[in-house]
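Here are a few notes to read alongside the model. Have a look at the structure first, then go through the points in order.

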Amino acid sequence: MRRIMGVLVLCLTLVWAVQAQEVKYDGYQVWRITVRTPAEREQVQQLVRDVWMVRGSTIDVCLSPDEQATLRKAGFTGEVLIPDVGARIRQQKSEFAPQDGSLFTRYLTLNEIYAAMRQLADQNPRLVQMFEIGRSIENRPIYALRLTREPRRVRVYRDRPQVVINAMQHAREWITPPVALYFAYRLVAEYPTNTQVREALDRLEVYVVPVVNPDGYVFTHTTNRLWRKNRRYIGRVFNQPVYGVDLNRNWSYGWGGEGSSGQPWSDTYRGSAPFSEPETYWLSRWMLSLPTLRAHVDVHSYSQLILWPWGYTTDLAPFSGVFERVGQAMQTAIQSVHGQFYIAGPIAPTLYIASGGMTDWVFGARGALSFTYELRDTGQYGFLLPPDQILPTCEEVYPAFLELLRWTRQRDWRE
Ligand SMILES: [Zn+2]
């Protein structure tokens, strides 16, 4: 019996060790490939597992040594953006270690982000409230901050239009939660002295959700730095366990169309049905409960873009002129801080067709002015943006968010 127990313990330990084993990226490279035709782009996407970015004729891919050989054999070459992905990840880990007390000079863990949110709410009860929107597939809470004058008096002020900023639908986009968190912190800090901020929080309700995909984020810290999707267990394919739905292809507006995949192992797997995932389900339910949702930003990385509907079609969306004006105001605001240029335009023509995205739903189903940001950089580091760029990115996006608040406060754009 003891021997059986011993063997059992050994087996369990092995299983645990296999599951918890970190995915290594030694020998992996990120290439920027320029394709001549859509068919060629299609071919590249067929040949590689991990596509980082597609823009027009440019496509960034993260390649194993085998995939590098396969692409070369197929006649593709590319500019090497990252010569050793494994080394870059290890380097970022060592940069991750020092604790200097600042929230925006290193990448925080999920628990640290939640602690920072709680602290802000606890220390500013007349301006900030923290609450749980719902739970992830692995039962982690998804938290939001509600910023408005005297938030504890009523559940929602019917005469204060709501603005929602959320980040981290995609787990590897580490720069996105700090940008959302920084926005909340700076609004609170500037409330007493900045008239624009004071008027915004007196007349609006601003909601900040720094991490929509907490399971994925934890997984990028423990096991696979380049994980994108949530952590739903889907089943076994060729005897390999398959996990994950792309949350930003799981929203109901235009769900199932071009630019999303029906294959569970794909990085853009849309899920078995619209809102099949608890993360999108709870977020959408909550957004439907807001009486006057007027503006929204879904924060991603990378590429430096300010995008708006539609994503599911290249057709022009209604109110394109309004999107254009607000988008350009945001672009100018960002550029004025550190000189970084973010391209502004509708999702599908600017980037690629992507259906089942959040921004399409918020605009199409909820009627709010909705943007997708793609933050720094333009490809030098991609998802592995060094920590010394966290604060500058937060600083440059802040006035763009303020621009959205100003616009929302001034008018209902449908008038
Ligand atoms: Zn993303």
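1. Start with the zinc ion, bearing in mind that this is a predicted model. Its protein donors are His170 (ND1), Glu173 (OE), Glu173 (OE) and His300 (ND1), and they sit 2.1 to 2.5 Å from the metal.

2. Don't expect a neat geometry here. The angles subtended by the four donor atoms run from 56 to 143°, so the arrangement around the zinc ion is irregular. A tetrahedral label would need every angle between 85 and 135 degrees.

3. Along the sequence, the donor residues follow the spacing H-x2-E-x126-H. The site ties together distant parts of the chain: His170 is in the loop between β7 (162-167) and α6 (176-190), while His300 belongs to strand β11 (residues 293-301), 130 residues apart.

4. Are these two histidines buried or exposed? His170 counts as buried because its relative accessibility is 3%. His300, with a relative accessible area of 2%, is buried too.

5. Now look at Arg228, in the loop between α8 (214-222) and β9 (233-237). Its relative accessible area is 10%, so Arg228 is buried. The Arg228 side chain makes a polar contact of 2.6 Å with that of Asp246. Beyond its neighbours within four places in sequence, Arg228 is in contact with residues including the zinc donors His170 and Glu173, as well as Arg249 and Asp267.

6. Last, helix α9 (residues 278-289). Its twelve residues should span 16 Å at 1.5 Å a residue, and the end C-alpha atoms are 16 Å apart, so the two agree. Buried residues of α9 include Pro278, Leu283, Trp286 and Met287, and also the polar-lettered Glu279, Thr280 and Ser284.

Conventions: Residues numbered from 1 in each chain as written. Predicted model: local features only at pLDDT ≥ 70, side-chain atom pairs only at ≥ 80, totals over all residues. Heavy atoms only, no water. Donors = N, O, S within 2.8 Å, 3.2 Å for Na, K, Ca; no water. Tetrahedral: all angles 85-135°; square planar, octahedral: opposite > 155°, others 65-115°. Helix = DSSP H or I, 4+ residues; strand = E, 2+ residues; numbered from the N terminus. Buried < 20%, exposed > 50% of the residue type's maximum accessible area, 1.4 Å probe, protein only. Expected span 1.5 Å × (residues − 1). Polar contact = N/O pair within 3.5 Å; in protein donor to acceptor, adjacent residues only side chain to side chain. Contact = heavy atoms within 4.5 Å.
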